[in-house]
Structure formats: C-alpha cells, structure tokens
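Biologist: I would like a close look at one part of this model and at the side chains that pair there. Please take the charged groups as the starting point and work outwards.

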Amino acid sequence: MTDSDPFECRLTFLSLLEKLNASQQSIHKVATYAVRHRQLSEDLYSCLLEELEQASINARLNIIYVLDAIFAASQKVHYSGYNDLTRRDLPRILAAVVPDDPKGLVNIANTRKILNNWRRREYFNSTEIDKAEKPLLEKESRTRPLKRPRDDDASGFTKDDILRRMEEDRERHKRFREEIWIRPVDEKPEAEFEQLWDRVDALNPDDDYELMMKQNMLRLPHYPWSTLFLDRNNNSTTQADAENALRTSQDMAIETPGDETDDMSIDPEDDSNYQLDAITDNSGNNLKSPNDNEMTGTSGSSADNAKLTATT
C-alpha cells in the first residue's frame, strides 16, 4: 500500500474506468489498482458509482465484473472495506446495471450469474443476495418475447452494439469458467465439501434409486440395472410375503382337522408302512408294485397253498 494524492488517484481510476472493456486484463488492472490504494476505498468506490450510472449498458455490466474482481482480490489480502461499501448500495447497483427498459433486460442473466458467484464465495449473506435479486426475478418474469429490433430501431441495439456485446460476452464467459474452481485461500479444508453437501437434497428411495438406475443404464446399457432395481424394490416385499405364507401354512396345519389318513403316524420298524401304492403307466393302466411281486413269491394265492398241502 502506497501513500498517494487522493485527487491524483481519483483521476487515474476514472481514466481506467473509461478505458474499461470486458477483457480479463482490463478488469484485473482496475481491480488491482483499487486494492492497491484501498486506503482511499471510499473515494474510489464513489468513482465506480458515478461511472456506473452514466455508462452504457455494456459498460455497466463490465463495472459489476470489476466489483467481483475487487472482492476476490480484497479477500486475498483480508480486506473487507469494498464489501462493506457495496453492501449498503447493492440494490442501487443492481438497478443501474439492469434498468427497467428493454435494453436492461439483456443484463439480467449475467448479473444473476455474478450474484450466484457472490453467494457461493460468501461475499454477502444469502439474505442480502436474495433481497437484491428479487427485483431481477420480477423483471425476468415480466419479460415477453419481443420482435427482433431493426438496426435503426432506437429501442434496440445497432449491429455494431450486437457484435461488440457478443465479443464481450465471450470474454466474460471465458473469465467466469477460469475462476469458477478458485477457492478462497483462508477457507477451511472441508468448506467445499460442506458447501456441496448443503446443496444436495436428502435421499428419497422412492425416486432417487430409479433416477440412478436410469443414469446407470445410459452409461452401461447392457448391464441388467432394471433387474437389480426390481429385485431391490421387491426384496423386502418378497421376504415379507414369504414369511406370511409360511406362517399361514403353519396355522392351517394346526387349525385344519385332518382325517384318519392324515393322523396316521409312520413307524419306521413296521414293514407294512413301506408298501408302495399302485403304479400307473402313461395310459393309466395299473401296474404291480415291487411289493406285490415280493408278497406273491412268499405267500402266494390260496389255490397254490392247497396244492402244496396235498403233495406233502
């Protein structure tokens, strides 16, 4: 930090703002100057507001990107003076960047992107961001499809304005993608995990498992994800049904009165219990069981017994 003449610093800073464009080098140059002379933060901040209210629509968006770069540079040196100054004028700044006219509507998307970045990096409280963002959401909801403006239409943009805006949006998008992964230097190691964890909703088995299965099917379509999903959903139901069926069968066996055949007990030492039933072939004819042949060989019919007695 160097001691400089406040009037000279003010003129130099205004000169930098007049030459400001959407390139990262230009924005970084202005932000570095503001942080280097942060002892004059109130004077430099007033220059930002003055230039913001009299600049063009595209230049106003560049100035809010300058504020974003100033906040990032200030955080590295543990300085919050610019944040405190901006906090009280946040609605005023957003109203200047997104005026209530057709031209101002084109800045809504980029302004909301900046606000989300400020919320993510905790430059301001979420309540303050939500309160300042509410008018933007109302303006966006009132937006209706408009006819494409002609080049000479005073309410639209000229061809040169459109080409310049396209080039500047390309630069802003490039810068935003480069800085989206940058984390504050002094944050806790688990800060990023906690931030992501707070954004994730609680697991809903009724919907989330099906969604995960569909995503897995897109990645590995030949794997039987649907079968696994159905098995998982039916596992608890099938197990409960099986237990209920077993319990029901046991109750029926106890409660249902059986006949004499059902009440007969089998004695392993009684050979008569092992006599086989009649065997039928495919045509339904009765065949002799092996026990019948064995019994015929030992006991035989009554006529054979009579012949045997007469011979003896």
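Biologist: Which residue forms a salt bridge with Asp89, and how far apart are the closest N and O atoms of the two?

Modeller: The partner is Arg88, and the closest N and O atoms of this salt bridge with Asp89 are 3.8 Å apart. A salt bridge here is a side-chain nitrogen of Lys or Arg within 4 Å of a carboxyl oxygen of Asp or Glu. Before going further, I should say that this is a predicted model, in which local features need pLDDT of at least 70 and side-chain atom pairs count only at pLDDT 80 or more, while totals for chains, interfaces and linings use all residues. Residues are numbered from 1 along each chain as its sequence is written, and side-chain values use heavy atoms, with hydrogens and water left out.

The two partners sit in unlike surroundings: Asp89 counts as buried because its relative accessibility is 14%, whereas Arg88, at 60%, counts as exposed. The cut-offs are under 20% relative accessible area for buried, over 50% for exposed, and partly exposed in between, with a 1.4 Å probe and protein chains only. Elsewhere, salt bridges that share partners join Arg112, Arg119, Asp130 and Glu133 into one network. The structure as a whole holds 9 salt bridges.

Arg87 is also a salt-bridge residue, and it appears in two pairs. With Asp84 its closest N and O atoms are 2.9 Å apart, and because these residues are 3 apart in helix H5, about one helical turn separates them. Asp84 counts as partly exposed at 41% relative accessibility, and Arg87 likewise falls in the partly exposed class, at 31%. The second pair joins Arg87 to Glu128, with the closest N and O atoms 3.2 Å apart. Since Arg87 lies in helix H5 and Glu128 in helix H8 (residues 126-141), this pair ties together parts that are 41 residues apart in sequence. Glu128 counts as partly exposed, at 25% relative accessibility. In general, side chains of opposite charge can pair when their charged atoms come close.

Arg87 and Arg88 belong to the packing of two helices as well. Helix H5 (residues 81-88) packs against helix H6 (residues 90-97) at an angle of about 75 degrees, with the axes 4 Å apart, where axes are lines fitted to C-alpha atoms, for helices over the stretch in contact, and angles run from 0 to 180 degrees between N-to-C directions. H5 and H6 are therefore roughly perpendicular to each other, given that 65 to 115 degrees counts as roughly perpendicular, under 35 as roughly parallel, over 145 as roughly antiparallel and the rest as oblique. On the H5 side Thr86, Arg87 and Arg88 meet Leu90, Pro91 and Ile93 of H6, contact meaning heavy atoms within 4.5 Å. The residues of this contact divide into 3 nonpolar, 1 polar and 2 charged; Ala, Val, Leu, Ile, Met, Phe, Trp, Tyr, Cys and Pro count as nonpolar, Asp, Glu, Lys and Arg as charged, and the others, Gly among them, as polar. Helices (H or I, at least four residues) and strands (E, at least two) are DSSP runs, numbered from the N terminus.

H6 can be followed into the interior through Ile64, which lies in helix H4 (residues 57-76). Ile64 counts as buried, its relative accessibility being 1%. Apart from neighbours within four places in sequence, Ile64 is in contact with Leu94, Val97, Thr111, Ile114 and Trp118. The C-alpha atoms of Ile64 and Asn110, which are 46 residues apart along the chain, are separated by 9.7 Å.

The loop between H4 and H5 contains His78, which has a positive phi of about 60 degrees although it is not a glycine. His78 counts as exposed, at 62% relative accessibility. Glu122, in the loop between helix H7 (108-120) and H8, also has a positive phi, near 60 degrees, as a residue other than glycine, and Glu122 is exposed with a relative accessible area of 67%.

As for the wider setting, the protein has 15 helices and 2 strands, and buried residues make up 27% of its 312 residues. Among contacts between residues at least 6 apart in sequence, 66% join residues at least 24 apart.
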